[in-house]
Amino acid sequence: MAAPILVTGGTGTLGRLVVPRLRAAGREVRVLSRQRRQLGEGVEVVTGDLATGEGIDAAVAGAGTIIHCAGSSKGDEVKTAHLVRAATPAGARHLVFISVVGADRVPQTGRLDRVMFGYFGSKLAAEEVVTGSGLPWTTLRATQFFDLMYLTVSWLARLPVAPVPAGIRFQPVDTGEVAERLVELAQGPPSGLVPDLAGPRDYELAELLGGYLRATHRRRPILRVPVPGRAARALRAGANLAPDRAVGRRTWEEFLADRVRPVGQAADRPA
Ligand SMILES: NC(=O)c1ccc[n+]([C@@H]2O[C@H](COP(=O)([O-])OP(=O)(O)OC[C@H]3O[C@@H](n4cnc5c(N)ncnc54)[C@H](OP(=O)(O)O)[C@@H]3O)[C@@H](O)[C@H]2O)c1
């Protein structure tokens, strides 16, 4: 029987779209989660915690390919280090990592940069762990997922006045398309840093919020707030965008139309 593919973060927003695509491609799948769960036929769940390294040896045992989607707002370099420390002696043949567009372009020079935008520094450090691991690897950098932007705008819309960072644009991408690309990469040879994956167009957060407010028939004053620091300056200059890689097919407007139902119907269903 073919070795299972391990998906870390296989219960998360991205990972739970990766798993069924691997199954549809006929692959046995193992998911690492911090909690015991049942994820259906052909999907084995191994419990472990990448933050401590507990349970990771069992998760990587016999897995030829690892798609590393587990992550959080900070500490991804530590989680990734625990993963490669276990995967290397286990003989993993391909580590596929999801990073973020701008990981290498958002400076982390001041405390403010790290407090507000430390996520980018942490993803870059995690990329370096992958690169230096000695394992054959592939890293894909993607822009912000539609689901993340949706969470952000739906949270902002609950405030009496919605603050948005002035001048920072986003080029969100469909999470399913990122999952599709990761599955394709995992089934190919280790390819190093592959071309970025970004959505079809970029928007100010105020525009994304505006689209959400219109779709949910709400109004909110929007306040553009200047953000200080070098990281914010880099973002205003487009460090998180990939205009040459606007290859995402699904638009934010299509995503919103699917996710938000007209008033009177049950709103906010998953798209
Ligand atoms: N969201 C975006 O816009 C975006 C854009 C570009 C790249 N990315 C990257 O894509 C990846 C997935 O993002 P996402 O939005 O799907 O994240 P998410 O929905 O927050 O899911 C996080 C996943 O990571 C797992 N996880 C977290 N801490 C863990 C730990 N200590 N040990 C083991 N598993 C742990 C969780 O599993 P359990 O809770 O089951 O343990 C969960 O499945 C992340 O690496 C993120 O940096 C995200």
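**Exercise 1. How many residues of β5 are buried?**

Start with the count: seven of the seven residues in β5 are buried, so the strand is mostly covered. This is a predicted model, by the way.

Next, split the strand by face. On one side sit His 94, Val 96, Ile 98 and Val 100, and these are buried. On the other side sit Leu 95, Phe 97 and Ser 99, which are buried too. Both faces of β5 are covered, then.

**Exercise 2. Place β5 in its sheet and find its pairing with β4.**

Step one: read off the strand order. Seven strands form an open sheet in the order β3-β2-β1-β4-β5-β6-β9, with parallel pairing. At the edges are β3 (43-47) and β9 (192-193), each of which pairs on one side only.

Step two: recall what holds such a sheet together. Strands of a sheet pair through backbone hydrogen bonds, and the pairing can be parallel or antiparallel.

Step three: look at one pair. Strand β4 covers residues 65-68 and strand β5 covers residues 94-100; the two pair in the parallel sense over four bridges. For a single example, take His 68, whose bridge partner in β5 is Phe 97.

**Exercise 3. Describe the whole chain before going on with the details.**

Begin with the secondary structure: the protein chain has nine helices and 11 strands. Its radius of gyration is 19 Å, close to the 18 Å that the globule rule gives for 271 residues, so the chain is as compact as a globular protein of that length. Along the principal axes, the C-alpha atoms fill a box of roughly 55 × 45 × 35 Å.

Now go from outline to packing. Of the 271 residues, 48% count as buried. Take the contacts between residues at least 6 apart in sequence: 75% of them join residues at least 24 apart.

Finish at the surface. The chain exposes about 12700 Å², and carbon and sulfur atoms supply 53% of that. As for charge, there are 35 positive and 26 negative charges, and their mean positions are 5 Å apart.

**Exercise 4. Compare Leu 83 and Arg 85: which one is buried and which one is exposed?**

First, locate them. Leu 83 lies in helix α3 (residues 76-90), and Arg 85 is found in helix α3 as well.

Second, check the accessibility. Leu 83 has 0% relative accessibility and therefore counts as buried, as the limit is under 20%. Arg 85 is at 58%, and because exposed means over 50%, it counts as exposed.

Third, see what surrounds Leu 83. Beyond residues up to four places away in sequence, it touches Leu 6, Thr 8, Leu 50, Ile 56, Val 60, Ile 66, His 68 and Leu 95.

Fourth, try some distances. The C-alpha atoms of Leu 83 and Val 130 are separated by 9.4 Å, with their positions 47 residues apart along the chain. Arg 85 and Gly 167 are 82 residues apart in sequence, and C-alpha to C-alpha they are 41 Å apart in space.

**Exercise 5. Classify two loop residues, Ala 70 and His 217.**

Take Ala 70 to begin with. This residue is in the loop between β4 and α3. Its relative accessible area is 17%, so it is buried under the 20% limit. Setting aside neighbours within four places in sequence, Ala 70 is in contact with Thr 8, Gly 9, Leu 50 and Asp 76. The C-alpha atoms of Ala 70 and Asp 49 are 10.0 Å apart, and the two are 21 residues apart along the chain.

Now His 217, in the loop between α7 and β11. At 58% relative accessibility, His 217 counts as exposed. There's a backbone twist to spot as well: His 217 has a positive phi of about 55 degrees, although it is not a glycine.

**Exercise 6. Work out the surroundings of helix α5 and strand β7.**

Start with helix α5 (residues 146-156). Its buried residues are Phe 146, Asp 147, Met 149, Tyr 150, Val 153, Ser 154 and Leu 156. What covers them includes β7, β8 (169-170), α6 (175-186), α7 (205-215) and α9 (252-259).

Then turn to β7 (residues 162-165). Its covered face holds Ala 162 and Val 164, while Pro 163 and Pro 165 make up the uncovered one. Lastly, four bridges join β7 to strand β11 (residues 222-225), and the two run parallel. Within that pair, Val 164 has Arg 224 of β11 as its bridge partner.

Note on methods
Residues are numbered from 1 along each chain as its sequence is written. This is a predicted model: local features need pLDDT of at least 70, side-chain atom pairs count only at pLDDT 80 or more; totals for chains, interfaces and linings use all residues. Side-chain values use heavy atoms; hydrogens and water are left out. The radius of gyration is taken over C-alpha atoms; the globule rule is 2.2 Å times the number of residues to the power 0.38. Buried means under 20% relative accessible area, exposed over 50%, partly exposed in between (1.4 Å probe, protein chains only). Contact means heavy atoms within 4.5 Å. Accessible areas come from the Shrake-Rupley method with a 1.4 Å probe; for residues, only the protein chains shown count as cover. Lys and Arg count as positive and Asp and Glu as negative; His and the chain ends are not counted. The place of a charge is taken as NZ of Lys, CZ of Arg, CG of Asp or CD of Glu. Two strands pair if DSSP finds at least two bridges between them.
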